[in-house]
Amino acid sequence: MRINDNFEKLPESYLFSEVAKKLAAYKSEYPEADVIRMDIGDVTLPIVPCVIDAMHRAVDDMAQSSTFHGYGPEQGYESLREAIAVVDYRKRGIDIDADDIFISDGAKCDLGNLGDIYSTDSIVALADPGYPVYVDTTVMSGRAGELLPDGHWSKIVYLDCNAENGFKPAVPDTHVDVIILCSPSNPTGAVMTREELEKWVAYALREKALIIFDSAYEAFVRNPELPRSIYEIRDADKVAIEVRSFSKTAGFTGLRCGYTVVPKALCGTDAEGREVSLRKLWNRRQSTKFNGASYIVQRGAEALYTSEGREAVRINIDYYLENARTIRACMQDAGFTVFGGDESPYIWVKGKNGESSWELFRTMLEKYNISCTPGVGFGSEGEGYIRLTGFNSRENTLRAMERIK
Ligand code: PLP
């Protein structure tokens with residue numbers, strides 16, 4: 001049996017495990033050190049009460065033959081899909097049908113699995129820096145080519161994001177087949193404007209390209225001028241798949257639930273040049289390789305769409321946003337150049353003296369006992385930056401910022 005050689009091309013260590021290893025080594029050397037985690041990309045607030053109640057009721061359903069649920073629909077329960085279509089889209093003036101929504105066990109799986117439905121020789125474009133899953137899954141699928149000495153992959157088109165362009169990916173002047181966009185961005189916290197997204201939709205229409213729009217952090221956008229969905233842009237339903245998650249919006253990182261929208265109008269072409277519905281392919285893929293998210297968790301997710309659920313979640317996100325704003329202001333006062341942290345839980349900080357990301361990581365850890373994520377781990381354009389997050393408790397956030405002051 002021959003293995004998938006693409007796995008051997010992947011660099012040894014995944015960013016977050018490298019950070020964890022370095023932290024563990026520091027703690028074993030200095031067991032007394034009170035290290036505050038500002039690197040965490042995980043939520044810390046518990047699940048809101050109405051979701052817990054709904055899941056308790058769903059557990060009880062499983063105990064009675066009259067209400068027991070076995071395998072559910074692969075696409076997800078209709079009631080949850082309908083609630084999403086109404087609350088997340090139609091009430092915001094976006095025409096998305098419950099039929100075009102696929103419930104998942106989280107965004108990460110879908111982001112990797114979507115590669116099943118486009119051709120293996122597709123040219124993929126992605127933001128640098130970006131969520132590492134985009135590059136690694138492109139490598140695993142064999143679409144990345146070879147790793148070059150500069151750390152880039154030969155077939156990937158990198159959309160450089162830097163201080164000059166406000167960390168927003170610009171439309172390339174070459175053809176690509178698939179573009180992965182993330183707004184608000186992990187790791188930079190940059191949020192794309194309507195005009196910027198319009199340029200991407202126009203590009204995708206012109207080039208017959210597919211946009212995969214990762215809006216895992218859409219709920220952090222509070223400025224009504226900024227888009228939360230790519231479908232706010234005219235004709236985006238003809239070119240874009242939107243991937244969403246309840247992880248960061250409602251604390252479902254441990255429960256696992258999200259959804260992906262594949263509109264009916266979205267088509268690709270086959271070898272004969274015929275148009276084929278991507279929704280049809282994704283439906284086929286999901287019903288073959290996925291058996292749906294758990295009934296209990298989907299019932300919990302549905303409770304997020306009640307007025308009580310929406311309000312409780314808004315309060316939690318406000319809490320993280322307040323942390324992020326505190327970090328942003330404090331780092332700025334301390335003389336750092338800072339991006340993000342406004343409509344996002346992520347704060348993207350540049351070293352003051354031209355240090356590398358890992359040097360800055362070490363300074364933060366050794367001088368302030370604060371852990372952070374080195375920006376270079378998200379791509380070479382992230383060199384010289386670190387990522388801090390607003391996901392810790394208010395108390396720890398304030399304690400960490402006192403140290404910086
Ligand atoms: N997309 C982005 C940009 C993320 O940062 C994350 C998680 O950190 C995910 C997707 C994955 O989310 P999920 O927990 O739904 O798999």
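Two strands count as paired if DSSP finds at least two bridges between them. In this predicted model, that rule picks out an open sheet of four strands, lined up in the order β11-β12-β15-β14 and paired in the antiparallel sense. The edges are taken by β11 (337-340) and β14 (373-374), each of which pairs on one side only. On the β14 side, the partner is strand β15 (residues 385-389), and two bridges hold this antiparallel pair. Look for Pro374 here: it stands opposite Ile386 in β15. The sheet also has a helix packed on it, namely α12 (residues 357-368), which touches β12 (346-350), β14 and β15. The direction of α12 makes about 45° with that of β15.

Just past the end of α12 comes a residue with a slightly odd backbone. Asn369 sits in the loop between α12 and β13 (370-371), and its phi is positive, about 55°, although it is not a glycine. That is worth a second look because most residues other than glycine have a negative phi. Asn369 counts as buried, since its relative accessibility is 16%. Lys208 does a similar thing elsewhere: its phi is near 50°, again a positive value in a residue other than glycine. Lys208 belongs to the loop between α7 and β6 (210-214). Is Lys208 buried or exposed? At 69% relative accessibility, Lys208 counts as exposed.

Back at the four-stranded sheet, the loop between β11 and β12 holds Ser344. With a relative accessible area of 1%, Ser344 is buried. A polar atom of its side chain lies 2.9 Å from the backbone nitrogen of Tyr346. What else does Ser344 touch, leaving aside its neighbours within four places in sequence? The contacts are Pro184, Ser185, Gly189, Phe220, Leu321 and Ala324.

One of those contacts, Pro184, has a story of its own. Pro184 is joined to Ser183 by a cis peptide bond, with omega about -10°, and its place is in the loop between β5 and α7 (194-207). A second cis bond joins Asp128 and Pro129, this time with omega about 5°. Pro129 is found in the loop between β3 and α6 (132-140). These bonds stand out because most peptide bonds are trans.

Both β3 and β5 belong to another open sheet, built from seven strands in the order β2-β8-β7-β6-β5-β3-β4, with mixed pairing. At its edges stand β2 (101-104) and β4 (157-160); each has a single partner strand, so one side of each is left without a neighbour in the sheet. On average, neighbouring strands of this sheet are turned by 20° against each other, direction ignored. Strand β3 (residues 124-128) and strand β5 (residues 178-182) run parallel and are joined by three bridges. Val124 has Val178 in β5 as its bridge partner. Helix α4 (residues 78-89) lies across β2, β7 and β8, running at about 115° to β2.

Then there are the aromatic rings. The count comes to 23 aromatic pairs. Take Phe16 and Phe378: their ring centres are 6.1 Å apart and their planes stand at 70°, and because planes over 60 degrees apart count as edge-to-face, the pair is edge-to-face. Phe16 lies in helix α2 (residues 15-29) and Phe378 in the loop between β14 and β15, so the pair ties together parts that are 362 residues apart in sequence. Phe16 is partly exposed, at 29% relative accessible area, whereas Phe378 is buried, at 5%. Another pair, Phe246 and Tyr259, has ring centres 5.8 Å apart and planes at 50°, so this pair is tilted. Phe246 lies in the loop between β7 (240-245) and α8 (247-250), while Tyr259 is in strand β8 (residues 258-261), so the pair ties together parts that are 13 residues apart in sequence. Phe246 counts as buried at 5% relative accessibility, and Tyr259 is buried too, with a relative accessible area of 1%.

Ring pairs can also join up into a cluster, as they do for Phe16, Phe167, Phe339, Trp348, Phe378 and Tyr385. Charged side chains meet rings as well. Lys352 lies over the face of Phe336, 4.6 Å from the ring centre, and Arg394 lies over the face of Tyr319, at 4.5 Å from the ring centre.

Key:
Residues numbered from 1 in each chain as written. Predicted model: local features only at pLDDT ≥ 70, side-chain atom pairs only at ≥ 80, totals over all residues. Heavy atoms only, no water. Contact = heavy atoms within 4.5 Å. Axes fitted to C-alpha atoms, helices over the stretch in contact; angles between N-to-C directions. Buried < 20%, exposed > 50% of the residue type's maximum accessible area, 1.4 Å probe, protein only. Polar contact = N/O pair within 3.5 Å; in protein donor to acceptor, adjacent residues only side chain to side chain. Phe/Tyr/Trp six-rings, centres within 6.5 Å; stacked < 30°, edge-to-face > 60°. Lys NZ or Arg CZ within 6 Å of the ring centre and 35° of its normal.
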